[in-house]
Amino acid sequence: RTAAEKRAYVRDHRPGSLSVAAGCRLMGLARSTFYDAPRQTADDTALVASMSAIDEPLEAYGCRRVQAALRKRALVVNHNTVRRLMRGHDLQPRIGRGDVTTSDGYHGGPVFPNLARDTVLAGADQRSVADLPYVAGT
């Protein structure tokens with residue numbers, strides 16, 4: 001028999017004159033197992049409903065943030081379960097495009113004028129352009 005069945009038998013069928021410790025000893029069950037509350041496994045549909053409620057306004061939440069939000073709602077779930085359910089029910093986070101800073105306009109160095117701004121080009125190979133973002137030794 002499983003520990004849950006033994007626990008239920010000691011709880012429901014133990015005579016009043018028999019202590020819990022003696023009943024557990026007779027069933028071959030540790031006394032701490034009798035007092036330990038059985039874990040409540042959350043239903044996948046309830047988890048997905050909670051996850052979609054969390055993910056709906058905050059589309060950039062990944063499995064770690066969703067797991068933390070579920071924990072705040074008193075639903076303790078393994079991160080692998082959260083990842084599996086998010087992947088299976090298309091609750092993947094939207095990846096935001098990061099802004100890349102290509103130059104720093106606020107620096108202490110000199111700003112050189114654009115000498116080629118007013119010239120008019122009549123053909124090919126009249127102007128060469130180079131961009132040197134890094135010059136070694138400076």
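## Around helix α2

Right after α2, glycine 28 takes a positive phi of about 70°. This is a predicted model, so read that angle as a computed value.

Helix α2 itself spans residues 20–27, and its buried residues are Val20, Ala22, Gly23 and Cys24. What sits over them? The cover for these buried residues includes α1 (3–13) and α3 (31–35).

## An edge-to-face pair

How many aromatic pairs does the structure hold? Just 1. It involves phenylalanine 34 and tyrosine 35: the ring centres are 5.1 Å apart and the planes stand at 80°, so the pair is edge-to-face, given that angles over 60 degrees count that way.

The two partners differ in how much surface they show. Phenylalanine 34 has a relative accessible area of 15%, which is under the 20% cut-off, so this residue is buried. Tyrosine 35 comes out at 56%, over the 50% mark, and therefore counts as exposed.

## How α4 meets α6

Next, a helix pair. Helix α4 covers residues 44–55 and helix α6 covers residues 79–88; they pack at an angle of about 75°, with 11 Å between their axes. Angles of 65 to 115 degrees count as roughly perpendicular, so that is the label for α4 and α6.

On the α4 side, the contact is made by Asp44, Leu47, Val48 and Met51, while α6 brings Val82, Arg84, Leu85 and Met86. Sorted by type, the residues of this contact are 6 nonpolar and 2 charged, with no polar ones.

## Two nonpolar cores

Which residues have the most contacts inside the largest nonpolar core? They are Met51, Val66, Leu70, Val82 and Met86, in a core of 13 residues. The elements giving two or more residues to this core are α4, α5 (63–72) and α6. Apart from it there is another core, made of 5 residues, among them Val10, Val20, Cys24 and Phe34.

Back in the 13-residue core, valine 66 is a handy residue to click on. With neighbours within four places in sequence left aside, valine 66 is in contact with Met51, Ile54, Tyr61, Val82 and Met86. Of these, Met51, Val82 and Met86 also appear in the list of residues with the most contacts inside the core.

## Serine 50 and glutamine 67

Is serine 50 buried or exposed? This residue of helix α4 has a relative accessible area of 16%, so it is buried, the limit being 20%. Leaving out neighbours within four places in sequence, serine 50 is in contact with Leu70, Arg73 and Leu75.

Glutamine 67 sits in helix α5. It is buried too, with a relative accessible area of 15%. Not counting residues up to four places away in sequence, glutamine 67 touches Val77, Asn78, His79 and Val82.

## After α6

The segment after α6 holds isoleucine 95. Buried or exposed? At 77% relative accessibility, isoleucine 95 is over the 50% mark and so counts as exposed.

How far is isoleucine 95 from alanine 60? In sequence the two are 35 residues apart, and in space they are 6.6 Å apart, C-alpha to C-alpha.

Technical notes
Residues are numbered from 1 along each chain as its sequence is written. This is a predicted model: local features need pLDDT of at least 70, side-chain atom pairs count only at pLDDT 80 or more; totals for chains, interfaces and linings use all residues. Side-chain values use heavy atoms; hydrogens and water are left out. Axes are lines fitted to C-alpha atoms, for helices over the stretch in contact, and angles run from 0 to 180 degrees between N-to-C directions. Helices (H or I, at least four residues) and strands (E, at least two) are DSSP runs, numbered from the N terminus. Angles under 35 degrees count as roughly parallel, over 145 as roughly antiparallel, 65 to 115 as roughly perpendicular and the rest as oblique. Contact means heavy atoms within 4.5 Å. Ala, Val, Leu, Ile, Met, Phe, Trp, Tyr, Cys and Pro count as nonpolar, Asp, Glu, Lys and Arg as charged, and the others, Gly among them, as polar. A nonpolar core is a set of buried Ala, Val, Leu, Ile, Met, Phe, Trp, Tyr and Cys residues joined through side-chain atoms within 4.5 Å. Buried means under 20% relative accessible area, exposed over 50%, partly exposed in between (1.4 Å probe, protein chains only). Rings of Phe, Tyr and Trp (its six-membered ring) pair if their centres lie within 6.5 Å; planes under 30 degrees apart count as stacked, over 60 as edge-to-face and the rest as tilted.
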